[in-house]
Amino acid sequence: MITLIGGEMPEYAEQRPPAGGPLYRRLIDRLPTGIRVLIAGPHSGALVRAVADRREVTLLLRSRPDAERVDVRDVRVLCGTLSKLADTDRYDAVIALDGTGRLHSPEGPPLDWVESVRVLKRALRPGGTLLLAVENELGVHRLVDPGTPTAARAGDAWSPLGEFGSAPGRPDRLAAALGAEGLPVAALAAVWPLPEHPALLATPETLRYGPLDALAALASAAAAPAYRERSVLSDPRRLAAAAVRRGLGAELAPAWLAVAQLATRPGQAVPLPPALIAGPGGAVTELVKSPDGTWSRRAVQGPGELTGPLPSGRLLEERLLTAALGHDLPGLRRLLTGWMTELPNVPAGNVLVDGDRYARLDPSAPDRADALARFAHTLATGGYHHPWPGVTDVARLTDVLAGAAGLTTAPTPAPTAGDELPDIRRRHEEQLDAVRRRLADAEDRVRFYEVELGKREAELGRAKVQIAAFSGSLGYRAAKAGLGIARAARNRIRNRGRK
Amino acid sequence: MHHGNHYYGHAQVLAGYCGLDPDDPPRIEGYLQHGWNVLDGLGGGTPYAPGSPIFVWSERTRRRAWSMGRPLATVTGAPFLYLLRSESDRADEGEREGTIWYPFHGWEGQQVSGDHLRLIDEITATEAGPVTFCLYWNEYRDDRIRAAYEHAGRVVCHGYRGYMRRQTDARFLHKQLAELRRHRRVASNRLSTAILYGAVAGCAPAVYGDPMHLAGEDTPTAERIRREWPELHGTGPDPDRARAVALAELGDGHLASPAELRAILGWPS
């Protein structure tokens, strides 16, 4: 049943994917049952269905075509712009995991972020819970985006404010802003790697004081599938990992999720663990800190093998790249040898290394026989200096790495081209530069060889004359001698003339 | 590639290390550093085919090559270290005695000028034990110079380093290593490749005496070498410190495995 509340968009259908994914689903499952919930903005069908399970759900959508496509039973659909939301309806929970940006239509007044939050707040019953996502306009997803948000041409970009918008720009400011609106924040998490589909949710405390190396590896692993073959400025995996490892994981996250309550009440409606991680196949694990300070993983959904201590150390791929960039050949050989001895079929992006210990980051990820060749591909084409700059061919670089790993024969099936790699613009620039350099070198080399060839030809010519002189016929030698005498006579005459 | 890859039998030593025929080393795709120098590894005047890799002995040299506009350098370590590694089982054979002394030498393109007799006097006054003079082929073939040294001690020559891949003494480094292992000390009037080889082959190194001059030589470079590597200069520098410096200059710790080296040099596996 659709209720047109005013300001709806009759023709427009949302062009970007709605908020969804197993981690948001996990949070929804923690909501009490039997409550009234408002879902504001586009959310995936699976998420809406999960909320609607034993709860009374109202959905607010601005797009009429999208509203008509809602196929979840017993869900009331309000179609229109946020400002038209009646303030007589009150809900136990308001879910706005898509943020506030897509709650407005061209027909309504252009509400800014705080005004939007106020409307959502008015929809809450006292003690009600607000689940609100806020996109970080300076998040890693923006930093790697080749597009310009302030010049977007999308159908809903009628006022593309981008980083000029009024939404808070830091997680602590988000908490303060919601608190100032009477919505004290009970829990906060940074969202990686994309605002609409998190694969890693981690609290700012965890991203400051937690197992940063492992979290960096998790952020990088989360970014890999999210950006597969997508066009980006620079590699989001490296940027995500570097941000988290350097303690900026909360500040540079693509979005933040706030769990706020209209007036506090005992207990949290939706508790957040230190970190929630989505794995392949819908598996969900959470990080748990034991009283002795060690960290472990607990499978909350999916295979139980994910439960266990969190391996310590840094991502092998990053350690390898660090050694390559630093031209630390002994260190690089040590890492390659340890890797090929302990986990030869596990890609470097799924291995944590701590001293001599090599452990799988995600035990459920499949083995790959071409793990070494894949790393060679990254090293050769990812825009990294390495100790073998003269080797530009991936297959040969794989052989070099195999040798450096102590392998006498290289078990190196060719890597699948482009597999799992985002399409990185900076790399295009670098590759273009490299091609220009190699072309210039090749042209110089041709000139160099021409000069060398000239010298050799001159030497050969002299040698041929000598050979002919010593091995030729008597007549030739006589003629040659005559020529020599004639040349000497000519020179004498010339010299005399000069005197 | 450049015939300098075959100087002193370097290509041959590496081919043997890689399990290939040492008498017929395959073509190396790049330039091997053939002697210790304080430039980009190639040394002044080496004709360089632009864009070709160079294989340098130490990380320090690689960094310097980069700064000199030669970015395609890979550290492989000195071929002498590869030889030392494969001949390590013979390291402690026989007694060591006296000093092997390498007077600073010239080559096809530059002759050395200096007073050999005065140098010999200084050497005999400094060295306690018997002295073996090792002359480079350039000086060894000069009867006058050779006779001067023969008056003061035993004179040897490790062989001809070769030119345009002809007359290369492929056993040059083997002979040099064998001689070094017969002596307690290695000395020269200039810090040079032989001193580094001697230091890593178990000799106590020393650099003293009239440094002499190469025709057209860049003197500031010679002064810089004295300043930058004081650990190896003097009549009796600390052998342990000197050895550590020599090992670093020759690229110890950076040697590639045979499989890696084959792939680096573009050789068949």
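## A small sheet, a few odd torsions and a look at chain B

In chain A, A:Arg314 sits across from A:Val353 of strand 16. Before going further: this is a predicted model, where local features need pLDDT of at least 70, side-chain atom pairs count only at pLDDT 80 or more, and totals for chains, interfaces and linings use all residues. Residues are numbered from 1 along each chain as its sequence is written, while chains are lettered from A and ligands numbered from 1 in the order in which they are written.

Back to the sheet. Strands, like helices, are DSSP runs numbered from the N terminus (helices are H or I with at least four residues, strands E with at least two). Two strands pair if DSSP finds at least two bridges between them. The open sheet here has 3 strands of chain A in the order 15-16-17, with antiparallel pairing. Strand 15 (314–315) and strand 17 (357–360) are the edges with a single partner strand each, so one side of each has no neighbour in the sheet. Strands 15 and 16 of chain A pair over 2 bridges, and 4 bridges join strand 16 (residues 351–354) to strand 17. A:Val353 also stands opposite A:Tyr358 of strand 17, and A:Asp354 has A:Arg357 as its bridge partner in strand 17. The hairpin of strands 16 and 17 of chain A has 2 residues between the strands, and A:Gly355 there takes a positive phi near 65 degrees.

Some other backbone torsions in chain A are worth a glance. The table lists residues with positive phi.

| Residue | Phi | Place in chain A |
|---|---|---|
| A:Asp74 | about 60 degrees | loop between helix 3 (64–69) and strand 4 (75–80) |
| A:His327 | near 55 degrees | loop between helix 10 (316–325) and helix 11 (329–342) |
| A:Gly182 | near 80 degrees | follows helix 6 |

Neither A:Asp74 nor A:His327 is a glycine. For burial, the count is of other C-beta atoms within 10 Å of a residue's own, placed from the backbone: 20 or more is buried, 12 or fewer is exposed, and in between is partly exposed. A:Asp74 is exposed, with 9 such atoms, whereas A:His327 is buried with 20. There's a cis peptide bond too, between A:Trp192 and A:Pro193, with omega about 0 degrees. A:Pro193 belongs to the loop between strand 7 (185–192) and strand 8 (200–202) of chain A.

Now for helix 6 (residues 171–180) of chain A, where A:Pro171, A:Leu174, A:Ala175 and A:Leu178 are buried. Looking down the helix axis, the buried residues fall within an arc of 100 degrees (taken from the directions from the axis to the C-beta atoms), so they line one face of helix 6. An α-helix has 3.6 residues a turn, so residues three or four places apart point the same way. The buried residues of helix 6 pack against helix 4 (113–122), strand 6 (124–135), strand 7, helix 7 (204–209) and strand 10 (255–261) of chain A. Contact means C-beta atoms, placed from the backbone, within 7 Å.

Finally, chain B has 11 helices and 10 strands. Its radius of gyration, taken over C-alpha atoms, is 18 Å, close to the 18 Å that the globule rule gives for 269 residues (2.2 Å times the number of residues to the power 0.38), so chain B is as compact as a globular protein of that length. Of those 269 residues, 48% count as buried.

Note on methods. Contact = placed C-beta atoms within 7 Å.
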